[in-house]
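Trainee: I'd like to go through the labels on this one and ask what each of them rests on. Can we pull it up?

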Amino acid sequence: MPSLPWNPFGFSTLPRRFPRPRRGSKRQPIVRLKEWKIIRGDTVMLLAGKDKGKIGKVTEVVRSKNWVFVEGLNTHKRFLKPQGDFKGALINSEAPIQVAEVSLLDPSDGKPTDVSYRYTEKGDKVRVSERTGRIVNKPPGKEEIGRVEQLSRMVLLTRLPQQ
């Protein structure tokens, strides 16, 4: 019988106190974009996925994960459980899309384009279409709330007098 090398633990595998490093793919860290060129309210075209080529409006932007939610696109069915008198239902729920999989539409001709930032003669920072060179205006309506304003609103809400 061949002799086995001496093992202080008395068995060939290490106990759980000494876990082995895992093999295989590990999740890669998310590299955040430095400059966001797509904001809430923009009209975009999907470049990949089951809704490739369809046009929609951006409803939500998650900058920490480089996600965009587009109205009515990349949907899946979600079941709402019954509660009390409510019988439950199947609803369409929008799933997030990576920012790299959407492209902003050029307002002059409605085709997808890359966007860069440039400064006007007045010193205003504007988005410019790479394909046509025209200015892409920010969408009308609510402007994005800055992080400082959002934090100050939360502080105001927490300091309201209690009734």
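Trainee: What makes strand S1 and S7 a pair?

Mentor: Bridges: strand S1 (residues 43-46) and S7 share three of them, in the antiparallel sense. Two strands pair if DSSP finds at least two bridges between them, so three bridges are enough for S1 and S7. In that pairing, valine 44 stands opposite leucine 104 in S7. As for the names, helices (H or I, at least four residues) and strands (E, at least two) are DSSP runs, numbered from the N terminus.

Trainee: And what should I keep in mind about the model itself?

Mentor: It's predicted, so local features need pLDDT of at least 70 and side-chain atom pairs count only at pLDDT 80 or more, while totals for chains, interfaces and linings use all residues. Residues are numbered from 1 along each chain as its sequence is written, and side-chain values use heavy atoms, with hydrogens and water left out.

Trainee: How many helices and strands does the protein chain have?

Mentor: One helix and eleven strands. Along the sequence the pattern reads β-β-β-β-β-β-β-β-β-β-β-α, with the helix coming after the strands.

Trainee: Which strands are at the edges of the six-stranded sheet, and how do you know?

Mentor: Take the order first: S6-S3-S2-S1-S7-S8, an open sheet with antiparallel pairing. Strand S6 (97-98) and strand S8 (112-113) each pair on one side only, and that makes them the edge strands.

Trainee: Why are S9 and strand S11 called edges too?

Mentor: They belong to another open, antiparallel sheet, ordered S9-S10-S11. S9 and strand S11 (135-136) have a single partner strand each, so one side of each has no neighbour in the sheet.

Trainee: How many bridges hold S10 to S11?

Mentor: Two, running antiparallel. The definition asks for at least two, so S10 and S11 qualify right at the cut-off. Arginine 127 stands opposite valine 136 there. On the other side, five bridges join strand S9 (residues 115-119) to strand S10 (residues 125-129), again antiparallel. Tyrosine 119 faces lysine 125 in that pairing, and valine 115 has serine 129 as its bridge partner.

Trainee: What do the turns next to S10 look like?

Mentor: The hairpin of S9 and S10 has five residues between the strands, and glycine 123 takes a positive phi near 95°. The S10 and S11 hairpin also has five residues between its strands, with glycine 133 at a positive phi of about 85°.

Trainee: Why is S10 described as largely enclosed?

Mentor: Four of its five residues are buried, so the rest of the structure largely encloses S10. Buried means under 20% relative accessible area, exposed over 50%, and partly exposed in between (1.4 Å probe, protein chains only). Over the 163 residues of the protein chain, 22% count as buried.

Trainee: Why do asparagine 66 and asparagine 74 get separate labels, then?

Mentor: Asparagine 66 has a relative accessible area of 8%, so it falls under the limit and is buried. Asparagine 74 has 22%, so it is partly exposed. Both have positive phi without being glycine: near 60° for asparagine 66, about 55° for asparagine 74. The former lies in the loop between strand S2 (55-62) and strand S3 (67-70), the latter in the loop between S3 and strand S4 (75-80).

Trainee: Why does arginine 32 count as exposed?

Mentor: Its relative accessibility is 58%, and the line is drawn at over 50%, so it's exposed. Arginine 32 lies in the segment before S1. Arginine 63 is 31 residues away in sequence, yet the two C-alphas are 7.1 Å apart.

Trainee: What makes lysine 125 a charge over the ring of tyrosine 117?

Mentor: The rule wants NZ of Lys or CZ of Arg within 6 Å of the ring centre and within 35 degrees of the ring normal. The charged end of lysine 125 is 4.8 Å from the centre of the tyrosine 117 ring and sits over it.
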